[in-house]
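Reader: Could you take me through one part of this model up close? I'd like to hear about the helix packing and whatever sits around it.

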Amino acid sequence: MTELNWIALGTIGTFLLAIAAFVTLYVQGRQFRKMRTDENERAFKNSSVQLITDFDRQFRKLDDLRSEASDVIVKNNVLKAELIEDYSALKDIMCEVYDFFDTLGFYVENGYIKPEVVHQYFYHWFEHYYEFFTVYNIKKLSGYNETVWIHLPKLSIVLNEVEIRQLGKERKAPTKQDLLAFFEEEATFGSD
């Protein structure tokens, strides 16, 4: 073999080693990204579980307020009216409940907690409180400015999307009769 052949073989060998190194780095990079993605997903799930546990504790602290509000709604036949004439008896009580759900909406909207986790823990309560909120125009009755409870509609959309994925169809909004049954049940959770 001539010197030129040896140089050509060396160049080809170097080129093949460079390709092998590139392929190795590429494969390792993909594996590393997948591991990092998997680790991020596990961390996100863990933080979602921790957050939802904290939110669940906070929600349980609202049992007495929720019971009081439900008692006012049921005893004053609020659901039989087309609109609420005097919201003052409910204002401070319901404010806490809607603040809670608005905060949940903020966490979901900003990716701090998975919508599926919030759905699992709170959909039952949220759908009823939110239906009451929309049917009776609670935001307007509250007299608060436009920046209050801005995450409630977005949370409703996201949780309904989860519900549709689970049921395969859209769930009907609670009727006034459903709301009455819900608030009658909620009224029993206080510590009388």
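Author: Here is a walk through one helix pair, then the residues and the pocket around it. Keep in mind that the model is predicted.

Let's start with the pair itself. Two packed helices are described by the angle between their axes and the distance between the axes. Here the helices are α3, residues 88-109, and α4, and their axes come within 11 Å of each other while crossing at roughly 145°. As for handedness, the α3 and α4 crossing is left-handed. On the α3 side, the contact is built from Leu 90, Met 94, Val 97, Tyr 98, Phe 100, Phe 101, Leu 104 and Val 108. Facing them from α4 are Pro 115, Val 118, Phe 122, Trp 125, Phe 126, Tyr 129, Phe 132 and Phe 133. Sort the residues of this contact by class and you get 16 nonpolar, no polar and no charged.

Two of those α4 residues also turn up in other contacts. Take Tyr 129: among the residues that Ser 70 touches, leaving out those up to four places away in sequence, are Tyr 129, Phe 183, Glu 186 and Ala 187. Ser 70 itself belongs to helix α2, residues 63-75. Is Ser 70 buried or exposed? Its relative accessibility is 0%, so Ser 70 counts as buried.

Then there's Phe 132, which is touched by Leu 79. Leu 79 sits in the loop between α2 and α3. Beyond Phe 132, and again setting aside residues up to four places away in sequence, Leu 79 touches Ile 73, Tyr 136, Lys 176, Leu 179, Leu 180 and Phe 183. With a relative accessible area of 8%, Leu 79 falls under the 20% cut-off, which is why it counts as buried. Looking back along the chain, Lys 61 is 18 residues away from Leu 79, and their C-alpha atoms are separated by 25 Å.

The loop between α2 and α3 also holds Asn 77. Its backbone is worth a glance: phi of Asn 77 is near 50°, a positive value in a residue other than glycine. Asn 77 counts as partly exposed, because its relative accessibility is 43%. Another positive phi, about 60°, belongs to Trp 149, which isn't a glycine either. Trp 149 is in the loop between α5 (138-142) and α6. At 2% relative accessibility, Trp 149 counts as buried.

Back on α4, have a look at Val 135, which is part of that helix. At 36% relative accessibility, Val 135 counts as partly exposed. Val 135 and Lys 80 are 55 residues apart in sequence, yet 12 Å apart in space from C-alpha to C-alpha.

Finally, the pocket. How much space lies in the largest pocket? About 170 Å³. The elements that give two or more residues to its lining are α4 (115-135) and α6 (151-167). Of these, α4 gives the most to the lining, with five residues. The lining has 13 residues, and nearest the centre of the pocket lie Tyr 123, Glu 131, Ser 156, Asn 160 and Ala 173. By class, the lining is made up of six nonpolar, two polar and five charged residues. So α4 takes part in both places: its contact with α3 has no polar and no charged residues, whereas the pocket lining to which it contributes includes five charged ones.

Terms used. Residues are numbered from 1 along each chain as its sequence is written. This is a predicted model: local features need pLDDT of at least 70, side-chain atom pairs count only at pLDDT 80 or more; totals for chains, interfaces and linings use all residues. Side-chain values use heavy atoms; hydrogens and water are left out. On a 1 Å grid over the protein atoms alone, a cavity is a set of points where a 1.4 Å probe fits but cannot get out, and a pocket is an open set with protein on both sides within 12 Å along at least five of seven lines; lining residues have an atom within 4 Å of a point. Grid points are joined across faces, edges and corners, and a volume is the space filled by probe spheres set on the points. Helices (H or I, at least four residues) and strands (E, at least two) are DSSP runs, numbered from the N terminus. Ala, Val, Leu, Ile, Met, Phe, Trp, Tyr, Cys and Pro count as nonpolar, Asp, Glu, Lys and Arg as charged, and the others, Gly among them, as polar. Buried means under 20% relative accessible area, exposed over 50%, partly exposed in between (1.4 Å probe, protein chains only). Contact means heavy atoms within 4.5 Å. Axes are lines fitted to C-alpha atoms, for helices over the stretch in contact, and angles run from 0 to 180 degrees between N-to-C directions. A crossing is left-handed if the near helix is turned anticlockwise from the far one by less than a right angle, and right-handed if clockwise.
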